Amino acid sequence: MNSNEFDVIIIGGGITGAGTQRDCAMRGLKTLLIERSDIATGATGRNHGLLHSGARYAVNDPESAEECIKENQILRRIASHCVEETDGLFITLPEDDLGYQQTFVEACRKAGIRADIIDPDLARRLEPSVNPDLIGAVRVPDGSVDPFRLCAANMLDAKLHGGQVRLHTEVTGFIREGNTIRGVHTRHLVSGEEADYYAPVTVNACGIWGHAIAQMAGVNVGMYPAKGALLVFAHRVNNMVVNRCRKPSNADILVPGDTVCIIGTTSTRIPFEECDHVAVTPDEVTLLITEGAKMAPALSSTRILRAYAGVRPLVSADDDPTGRNISRGIVCLDHETRDGLAGFITITGGKLMTYRLMAEIASDAVCRKLHIDKSCETASIPLPGSEEHSYEAVAQKIWETPSMAQKAAAARLGTSASHIQTSSRTDESLVCECEEVSVGEVNAAIERLDASTLTDLRRRTRIGMGTCQGGFCACRAAGLLAKASGCIEKEREGLVHFMQERWKGNFPIGWGDTLREAEYTQWVYKHVLGL
Amino acid sequence: MKFNTVIIGGGLAGLVAGISLQKAGQNTAIISSGQNALHFFSGTFESMEEPSQQLAELFSEAGIRTHYQAGVRLMPLGTFRPAALSLEDISLFPTSHFGKKVLIVNFLGYHDFFSSFLAEGLEKQGMSCRIHQLKLAQLEWLEQSPSEMRSVQIARIMDRIWDVVVQEVRVLLKDEDTVVLPQVFGLQDISVPGRIRQGIPAQVVFAGTLPPSVPGIRTQMLLKRRYELLGGTYLAGDEATGAHVHEGVVHSIVTKNLDSHFLEAGHFILASGGFFSKGLRSNPFQIQEPVFGLDVVQAADRSDWYQPDFMQEQPYMSFGVQTDAQLHAVRDGQALKNLFAVGSILGGTRPEMGTAAGLAIRSALAAVDQILRRS
C-alpha cells in the first residue's frame with residue numbers, strides 16, 4: 001500500500017471522528033483522519049461536558065436515554081481519566097409540578113437508569129449550592145466528562161494503532177470515479193501544501209459541517225443547525241450535576257468540571273453561514289444567569305469566566321424534508337444504498353455522550369464495505385491514560401511524592417502523564433498558575449498530542465482556561481511554542497489570535513471582575529508588552 | 001482625624017498629589033487599598049516628554065531618575081513604540097536600529113522574559129542576535145517552587161548578586177556591541193542598573209518582563225517613601241467605603257479600617273484608578289463610582305462598551321468620572337466644590353491631559369494647583 005493509500009479516511013477531528021478512527025484502527029484498518037482546524041473545535045468542545053445518565057431524555061426519548069446510560073457506564077470504565085463521577089440531582093422548585101417527579105422516575109427506571117427520590121433536606125446536604133427552596137430531588141448517575149481530553153485520548157490511541165492524523169488540513173474536493181468516492185484532495189491551511197489521499201471508504205464525521213461535506217460529495221443530508229449558548233463560571237460552585245426536574249428547557253443543567261462550572265443551554269436555529277462564527281447575545285447571557293440562579297442562587301454573585309456557544313448537528317428524518325421530525329438520535333447514512341454514491345458514509349446526529357456507539361456503528365458500516373469481519377472492542381479496552389482508576393495513584397506511580405501540579409497533570413492526562421519530562425526543574429516550573437500546568441506538560445502536548453498553536457495547547461492542557469484567561473500564561477506558552485517551532489513570526493500572530501479568541505468569550509459577559517481582568521490584560525498586552 | 005487634604009488612591013496620581021501638597025506645607029493622608037497600576041508600569045510615562053521643572057524636582061527628590069529623547073523604545077515582545085519620558089533604566093533610541101550584534105541574556109528557567117520574540121524583532125531591524133540562557137546557582141532555590149521564578153523574586157536576589165551577572169556576561173560577550181537583559185534589576189538598590197551598565201563593555205538594554213514590573217514597584221516604593229518622609233500619612237490596606245457630602249461639599253470619608261473615625265478634610269482628591277484598581281465598578285447594566293456615586297460618562301447600552309476586536313481601542317476604557325473644567329467631580333449634575341478626580345478614573349474624558357501615567361501626573365498636579373491656590 002502506498003503512503004497516501006488507506007483503508008478508510010475519516011473527515012472531522014471531533015469526538016465522533018476520533019472515536020471512529022480509534023475503532024477502525026483497533027480493528028486493524030489503516031486509517032487517516034483529516035481535520036480542518038484542531039481537535040474538538042466544533043460541538044465536541046462546545047457543550048456542558050455532561051456525562052449524561054440519560055435521565056434528561058427518559059420521559060421524551062427513551063431510546064436516547066437507554067443509549068446514554070449504557071455509554072455512561074462504558075465511559076466510566078474506558079475513559080476514567082476524562083470522567084468525574086459526581087452524580088446528579090434533578091430538583092423540583094416551588095414553581096415546578098412535583099407530579100412530574102413520579103413520571104420522571106418511572107421513565108428512568110424503565111430505561112435502566114438508577115433514580116432515587118431523596119428528601120430535599122438530604123439534597124441540601126449533598127449539594128449545598130442547590131436552591132434551598134427545592135421541594136423535591138432525585139439522585140441519578142450523572143457525571144462530568146472533559147471532551148478535549150476524551151478526544152485527544154481517542155486520537156492518541158488511534159495513532160498508537162497505526163492511524164495517521166492531519167490537523168489544520170482542509171478537504172478541498174473528492175476524488176471520484178463514476179459513482180464511487182476514491183479519496184480526497186486536501187490542502188494544509190498553514191503551509192498551503194496540497195495532497196491527495198486514497199481509500200475505498202471515506203467517513204463524513206464533521207458534525208454540522210457534514211452538511212457541506214456531503215454537498216461537496218454531491219449528496220444531501222438534511223441538517224438543522226441548532227445553536228446552544230453556555231456560560232462558564234470561575235468557581236466550582238456545585239459538586240454534583242444539577243438539573244431541573246421538568247420537561248427539558250433552557251438553562252436547566254449546571255455541570256461542575258475541573259475548577260469551574262457550566263450552565264446551559266439555549267436552543268436556537270441558525271443559518272448555516274453562521275456556524276463558523278456563533279456569538280452569544282446579551283439576551284442569552286441574561287437568560288442563562290437568571291435561570292441558573294434558580295437552581296444555584298450563588299451563581300448570581302459568582303464571577304463569569306466566559307460565554308460560548310456550539311452548534312448541534314441535528315438531522316431531520318429522511319422522509320421529512322420539512323424538518324419537523326428532528327431527531328437527536330444517531331444517524332448513519334450509507335450513501336451507496338441511499339444515494340447510489342459508493343465509498344461514502346455519513347455519521348452524524350447523536351451526542352458527545354454516545355460518540356463511542358456512533359463510532360461503533362460507523363466502523364461496522366466501514367467493515368461491511370471492506371468485507372472485514374472484526375468486532376468492536378472499544379467498549380472494553382481502556383483509552384490511553386485510563387489504565388489506572390485514580391489520578392492520585394497514577395501520580396504516585398510516576399513521581400513518588402507528586403506536587404500539586406503533577407497531581408493536576410495526572411488528573412488531566414491519566415497514565416499518559418508519565419510522558420511529561422521532569423528531568424530538570426525548568427520542566428516543573430509553571431506556565432499557567434490558574435490551572436497548574438507545567439512547562440513539561442506543555443512540551444509533552446506539543447510533542448505527543450499534535451499541539452501546534454496556543455489554542456491547540458489550551459484544548460489539551462487547559463492553559464488560558466483559568467481566571468486570568470490567558471493574561472499571564474499565553475505569553476509564556478507562546479515562548480515555548482516558539483522554541484519548538486522556531487517560527488517566531490507565527491507565534492506572534494498566534495498570540496494575537498489567541499487573545500482575540502479569549503476576548504470573544506469575555507466581552508459578552510464583560511462586567512465586574514471580568515472587566516477588571518480584561519482592562520488589565522488589554523493594557524498589559526498592548527502597552528506594556530507591545531503586542 | 002482631620003487633614004488639609006485626603007487622597008483616595010495610593011498609585012502614581014495619588015502619590016504625586018500627596019507629595020506636592022506635603023511639600024507645600026499641607027497635612028495630608030492617602031488611603032491605599034493595595035495594588036495599583038504601577039505594578040504593571042512599563043517604565044515609560046505615556047504621553048509625556050520633557051518634565052516640567054516642578055515634576056523634575058519632585059522626581060529627583062524622590063530618587064527617581066528619568067530621561068527623554070525623541071525616538072523609540074524597545075517593547076518586551078520585540079516591537080518598538082514611540083519614546084516618551086522614561087525611567088533612566090529604560091533605553092530610548094533615535095531609531096529602531098540601535099546596534100549591530102546583540103547578545104540577549106536570560107536566566108535558565110525564567111519564562112517571563114521573551115528572548116526569542118526579542119531576537120526576532122531585532123533581527124527584523126537588521127541586527128544579528130545570539131540568545132544565551134544563564135544558569136545561576138543563586139537562582140536555584142527559586143526553581144524549587146514552580147511559581148517562584150517571577151520578576152520580583154529574581155530582582156530581590158539580583159540586588160545582591162548583580163555583579164555575578166556582570167562577570168558572567170563579560171565572559172559570554174564575544175564581538176557583540178549590545179547586551180539585552182531582563183528588567184529585574186534595582187528593586188531596592190536603585191544604583192544597580194547603572195552599575196551593570198558601567199561593568200559591561202557594551203551598550204546594555206533592559207527589556208521588560210511580564211508583570212509585576214520591577215521598575216514600577218521601585219517607583220511606587222520611592223514615591224511612598226518620599227511622601228512619608230514629608231510627613232504624609234499613608235494608610236495602606238484601607239479602603240474608602242463612603243463619604244459625607246452636604247450641599248455640594250464633601251465633609252469626610254468613611255473607611256473600612258477606621259470604622260467610626262471619619263477622615264475629615266478641606267479638600268479631597270479621588271485618585272482611585274480605573275476598573276482594575278476598583279475606582280470604577282461595573283455590573284451588567286452600568287458603570288459606577290463606588291465611594292461618592294459620581295456621574296460616570298459611559299455608553300448606556302452594554303453592547304457599546306466593547307469592540308469585538310481585542311486589538312482595537314476599547315470604548316469601556318474611555319469611560320470615566322464626569323468633571324468640570326477644574327477637575328471638580330460631578331454628582332447628579334452638580335460639581336462638588338472640594339472634590340477633584342484625577343488619574344485613570346477619568347478614563348478618556350480629559351483627552352487634553354494625555355493617557356495613563358501622563359494623565360495621572362498632569363491631572364494630579366492640576367488638582368494640587370487648584371487646592372493650593374484656594375488655601
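## Strand β15 of chain B and its partners

Within β15 of chain B, B:Glu264 is the bridge partner of B:Ser252. The model described here is a predicted one. B:Ser252 belongs to the pairing of strand β14 (residues 249-255) of chain B with β15(B), in which two bridges join strands that run antiparallel. Strands of a sheet pair through backbone hydrogen bonds, in either a parallel or an antiparallel sense.

Two further strands of chain B pair with β15(B). Strand β1 (residues 2-8) of chain B runs parallel to β15(B), and six bridges join them; B:Val6 has B:Phe268 in β15(B) as its bridge partner. Strand β21 (residues 334-341) of chain B is also parallel to β15(B), with three bridges between them. Here B:Phe268 is matched with B:Leu339 in β21(B). How much of strand β15 (residues 263-270) is covered? The strand is mostly covered, since six of its eight residues are buried.

## A three-stranded sheet in chain B

Chain B also holds an open sheet of three strands, in the order β5-β4-β7, with antiparallel pairing. The edges are formed by β5 (80-82) and β7 (92-93) of chain B; each has a single partner strand, so one side of each is left without a neighbour in the sheet.

Strand β4 (residues 72-74) of chain B pairs with β7(B) in the antiparallel sense over two bridges. In this pairing, B:Arg73 stands opposite B:Leu92 of β7(B).

## The contact between chains A and B

How many residues does each chain bring to the contact? Chain A contributes 48 residues and chain B contributes 50 residues. The size of an interface is often expressed as the accessible area lost when the parts come together. Between them, chain A and chain B bury about 4700 Å², of which 61% is on carbon and sulfur atoms.

Polar and charged groups also meet across this contact. Four salt bridges are counted between chain A and chain B. One of the salt bridges links B:Lys124 with A:Glu489, whose closest N and O atoms are 3.0 Å apart. There are also 26 residue pairs in polar contact between the two chains, with both residues at pLDDT 80 or more. On the side of chain A that touches chain B, the elements giving two or more residues are α12 (425-428), α15, α16 (488-506) and α17 (512-528) of chain A. The most is given by α17(A), with 14 residues. By residue type, this side of chain A divides into 26 nonpolar, 11 polar and 11 charged residues.

## Backbone features in loops

Each chain has a cis peptide bond to note. In chain A, such a bond joins A:Gly264 and A:Thr265, with omega about 0°. A:Thr265 is placed in the loop between β17 (260-264) and β18 (268-269) of chain A. In chain B, the peptide bond from B:Pro211 to B:Pro212 is cis, with omega near 0°. The loop that holds B:Pro212 lies between β11 (203-207) and α7 (214-229) of chain B.

Two residues of chain A have a positive phi although neither is a glycine: A:Asp87, at about 65°, and A:Gln469, at about 50°. A:Asp87 lies in the loop between β4 (83-84) and β5 (88-92) of chain A, whereas A:Gln469 is in the loop between α14 (454-461) and α15 (473-485) of chain A. Is A:Asp87 buried or exposed? A:Asp87 counts as buried because its relative accessibility is 12%, and buried means under 20%. A:Gln469 is buried too, with a relative accessible area of 4%.

Note on methods:
Residues numbered from 1 in each chain as written. Chains lettered and ligands numbered in written order. Predicted model: local features only at pLDDT ≥ 70, side-chain atom pairs only at ≥ 80, totals over all residues. Heavy atoms only, no water. Helix = DSSP H or I, 4+ residues; strand = E, 2+ residues; numbered from the N terminus. Buried < 20%, exposed > 50% of the residue type's maximum accessible area, 1.4 Å probe, protein only. Contact = heavy atoms within 4.5 Å. Buried area = accessible area lost by both parts, 1.4 Å probe. Salt bridge = Lys/Arg side-chain N within 4 Å of Asp/Glu carboxyl O. Polar contact = N/O pair within 3.5 Å; in protein donor to acceptor, adjacent residues only side chain to side chain. Nonpolar A, V, L, I, M, F, W, Y, C, P; charged D, E, K, R; others polar. Pairing = 2+ DSSP bridges.
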